[in-house]
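Student: I would like to learn how to read a few features of a model like this one. Could we begin with how two helices pack?

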Amino acid sequence: MSEESKRREALIYHAKPTPGKIKVVPTKKYATQRDLSLAYSPGVAEPCLEIEKDKNNVYKYTAKGNLVAVISNGTAVLGLGNIGPEASKPVMEGKGLLFKIFADIDVFDIEVDTENVEEFIATVKNIAPTFGGINLEDIKAPEAFEIERRLKAELDIPVMHDDQHGTAIISAAALINAVEIAKKKIEEVKIVISGAGAAAISCSRLYQSFGAKRENMVMLDSKGVIRDDRENLTPEKAEFATHRKIDTLVEAMKDADVFIGLSMANIVTPEMLLSMAKTPIVFAMANPDPEIEYDIAVATRKDIIMATGRSDHPNQVNNVLGFPFIFRGALDVRATKINEEMKMAAVKALARLAKESVPEQVNIAYGETRLTFGKDYIIPKPFDPRLIVEVPPAVAKAAMDSGVAKEHITDWEKYKDELRERLGSDNKLIRLLFNRAKTNPKRVVFAEADQLSVIKAAQIVYEEGIAIPILLGRLETIKHLMAEIEFDADVLIIDPKEELENNRKNKYAKVFWEQRKRRGVTLYSAQRLMRERNYFAAMMVSEGDADAVISGYSRSYPSVVKPMLEVIGMAKGTQRVATTNVMMTKRGPLFLSDTSININPTSKELTKIAQMTSQIVKMFGLDPVMAMISYSNFGSSTNEHATKVREAVGYLHRHFPNMVVDGELQTDFALNAALLEEKFPFSKLVGKKVNTLIFPTLDAANITYKLLKELNEAVSIGPIMMGMRKPVHILQFGANVDEIVNMAAIAVIDAQQKEKEELEKVKPN
Ligand SMILES: NC(=O)C1=CN([C@@H]2O[C@H](COP(=O)(O)OP(=O)(O)OC[C@H]3O[C@@H](n4cnc5c(N)ncnc54)[C@H](OP(=O)(O)O)[C@@H]3O)[C@@H](O)[C@H]2O)C=CC1
Ligand SMILES: CC(=O)C(=O)O
Ligand SMILES: [Mg+2]
């Protein structure tokens with residue numbers, strides 16, 4: 001993607017569909033008059049009075065305990081400099097997003113219009129009662145030091161300047177590991193630190209806590225090397241002034257073991273890297289552009305251990321790995337401070353985690369085959385789900401041991417379970433899907449590529465490397481739309497009506513005629529049918545000219561299913577096709593079947609639907625736990641609708657005893673584990689979390705999934721077609737771009753899966 005396209009993409013991302021990246025969402029019911037009288041006057045007076053009696057009750061009755069202020073005055077925004085409070089807001093909202101997705105902490109971002117230290121301190125102090133913690137961000141040195149020192153002393157909630165301590169914690173963990181990989185000793189390494197601001201000073205201090213020696217450090221600011229004979233140094237710079245008689249970065253880099261960049265872009269040259277010692281460690285952490293580009297650095301020295309602050313290269317040393325988890329631990333024990341002990345605990349937890357074997361889901365999330373501790377993996381990845389289980393407990397424990405915790409955790413396993421629960425699974429699951437698709441992208445025919453939403457989706461899957469799109473539709477329209485959205489990739493575009501496609505069309509028509517000539521199809525009618533995009537698309541897949549098809553955006557479901565069934569047909573041994581929808585709910589993904597095809601399935605058909613859904617759940621990397629739902633519980637009704645579900649469950653229990661499935665069950669019992677255990681302790685689902693619901697009729701399933709989707713209770717992926725011979729996925733009429741992209745990723749994974757099954761069939765035993 002060109003730099004200009006990236007720029008535009010970033011602007012559109014921030015502007016659409018709603019400006020900005022975060023919003024406020026109520027956590028209590030607000031539907032009725034009764035709810036409102038509790039939420040607001042008169043009910044709200046009760047917690048007010050309780051808090052008036054004892055201020056600690058604010059943690060019990062308000063959101064304070066999980067709310068962090070991300071506060072900046074915009075004076076040192078990333079490496080962009082003093083760009084002002086308004087211009088810093090996208091970064092602060094970004095920090096809010098990261099706090100939320102990685103540690104389930106809510107954030108108000110606050111941009112303060114003052115560069116005056118006293119005014120800034122007064123502002124933060126005045127608003128502190130709202131918050132459980134204060135994350136100071138992108139405030140320039142030396143003011144940042146005084147601001148943080150004073151706020152820490154004067155407030156009784158944790159205050160952390162992220163650029164100082166977040167950065168110090170992460171880079172210290174990375175440095176300890178990098179030094180070990182380089183087979184050097186931290187006490188001996190010569191370290192050059194470019195930058196003498198908030199981040200650089202704090203990092204250099206923390207490295208000393210882990211053994212680095214100040215006499216081995218040379219620090220530089222915008223004027224060059226900070227020598228002890230320089231005048232008017234701030235106390236922080238004076239702390240790191242060197243007695244060496246050198247002035248420039250070129251001189252400092254000679255024979256250095258480590259370069260720490262917390263200054264600005266592109267100030268390190270390849271020559272400087274070449275002058276460094278053996279196995280040099282280079283952390284070029286300026287954002288968004290590092291002190292030296294990753295690709296240049298690794299091309300210059302094969303023995304380099306290289307890290308940047310960016311997510312698009314190995315070894316992202318960025319405080320995103322720190323602040324969410326550090327505050328999570330601090331908030332959970334109501335720490336009054338974030339002290340040295342807590343920081344050290346976080347460093348050790350992070351450094352340790354990088355050495356443990358990496359779960360497969362992290363490899364998938366980053367499109368890696370095998371991440372292992374070494375020069376390209378010195379520190380955990382931000383999407384590593386173990387971070388939330390490892391770092392906050394370490395921080396919380398250190399807070400308790402060092403006497404700054406107001407609450408104590410006793411059951412650590414329970415706490416870890418709570419931490420796991422905090423991470424919603426919707427984005428994770430989608431990410432997993434995308435990354436799995438990217439490992440082996442397949443050719444996906446978009447049968448309605450002359451529709452704007454479809455072509456936008458095709459552009460995304462192409463640019464993300466999820467699929468290789470083939471665009472079907474009116475040539476002129478497609479080209480026009482592509483130009484409009486600046487989709488200039490060299491992709492295959494086919495108009496089934498065009499003369500140029502005659503050869504292919506004739507070939508497909510012949511094959512189709514051969515297949516159906518005894519079922520009323522003439523060669524002429526076959527030729528006419530191949531002008532129709534869904535027949536043509538299905539034939540492409542059937543004949544191996546494409547791997548999957550996506551259609552249905554502009555047509556009714558049945559009118560798209562028909563050609564797919566006629567041309568591609570069902571998988572061997574399958575008598576029914578069906579669909580499932582994955583609903584990304586707050587309690588995790590929930591698969592609902594059959595949402596689109598079987599109007600009133602028999603008990604036998606229900607067993608097939610359950611079995612096919614079970615395969616799909618596994619394809620998503622989850623263990624199926626299935627409830628066959630009904631309006632009846634375990635025989636409470638003898639009506640045929642309940643009986644057929646009961647019979648289906650009986651059949652599955654007899655023939656597939658390892659399947660975790662039970663019913664017939666009402667939905668509340670299926671989804672409420674405590675209720676189920678209390679009333680039906682014999683159920684196979686007791687002690688398990690149901691992730692799949694098999695519905696008795698199409699009415700019930702379709703209504704449920706659309707209701708959830710429209711009430712914004714869950715994002716839906718699907719309907720995912722099950723039981724076809726080749727990957728065919730049919731969109732809901734008018735699906736949005738995200739839904740089409742998700743479906744394309746599913747189609748690719750489906751194609752990968754089917755390819756694997758084919759290979760296994762032909763593999764000699
Ligand atoms: N990867 C990560 O997690 C993080 C990265 N950073 C990055 O670190 C950088 C600094 O941030 P922060 O400390 O908050 O900002 P500050 O404004 O506090 O500090 C910037 C420092 O860089 C120095 N500097 C400017 N130009 C040069 C130069 N040519 N050579 C050497 N030093 C120079 C300044 O010198 P002087 O004192 O003379 O003005 C100052 O000491 C930014 O690029 C930021 O993006 C920051 C935090 C986290
Ligand atoms: C990452 C960060 O906080 C910064 O670059 O300022
Ligand atoms: Mg910052």
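Tutor: An axis here is a line fitted to C-alpha atoms, for helices over the stretch in contact, and angles run from 0 to 180 degrees between N-to-C directions. Two packed helices are described by the angle between their axes and the distance between the axes. Keep in mind that this is a predicted model.

Student: At what angle do the axes of α20 and α31 cross?

Tutor: At roughly 50°, with the axes of α20 (residues 452–464) and α31 (residues 737–762) coming within 8 Å. α20 is therefore oblique to α31. Their crossing is right-handed.

Student: Which residues make the contact?

Tutor: α20 contributes Ser453, Val454, Lys456, Ala457, Ile460 and Val461, while Val737, Ile740, Val741 and Ala744 come from α31. Sorted by class, the contact has eight nonpolar residues, one polar and one charged.

Student: Now burial. Is Gly569 buried or partly exposed?

Tutor: Burial is read from a count of C-beta neighbours, and 20 or more within 10 Å makes a residue buried. Gly569 counts as partly exposed because it has 18 inside 10 Å. This glycine is in the loop between α25 (557–567) and β15 (578–585). Its C-alpha atom is 6.0 Å from that of Met724, 155 residues away along the chain.

Student: How many residues of α14 are buried?

Tutor: In α14 (residues 323–332), 10 of 10 are buried, including Phe323, Arg328 and Asp332. Just after α14, Arg334 takes a positive phi of about 50°.

Student: What surrounds ligand 2?

Tutor: Its shell consists of Leu78, Asp138, Asp162, Asp163, Asn287, Gly309, Asn318 and Asn319. By class, that is one nonpolar, four polar and three charged residues.

How values were computed:
Residues numbered from 1 in each chain as written. Chains lettered and ligands numbered in written order. Predicted model: local features only at pLDDT ≥ 70, side-chain atom pairs only at ≥ 80, totals over all residues. Buried ≥ 20, exposed ≤ 12 C-beta atoms within 10 Å, placed from the backbone. Helix = DSSP H or I, 4+ residues; strand = E, 2+ residues; numbered from the N terminus. Near = placed C-beta within 6 Å. Nonpolar A, V, L, I, M, F, W, Y, C, P; charged D, E, K, R; others polar. Parallel < 35°, antiparallel > 145°, perpendicular 65-115°, else oblique. Left-handed = near helix turned anticlockwise from the far one by under 90°. Contact = placed C-beta atoms within 7 Å.
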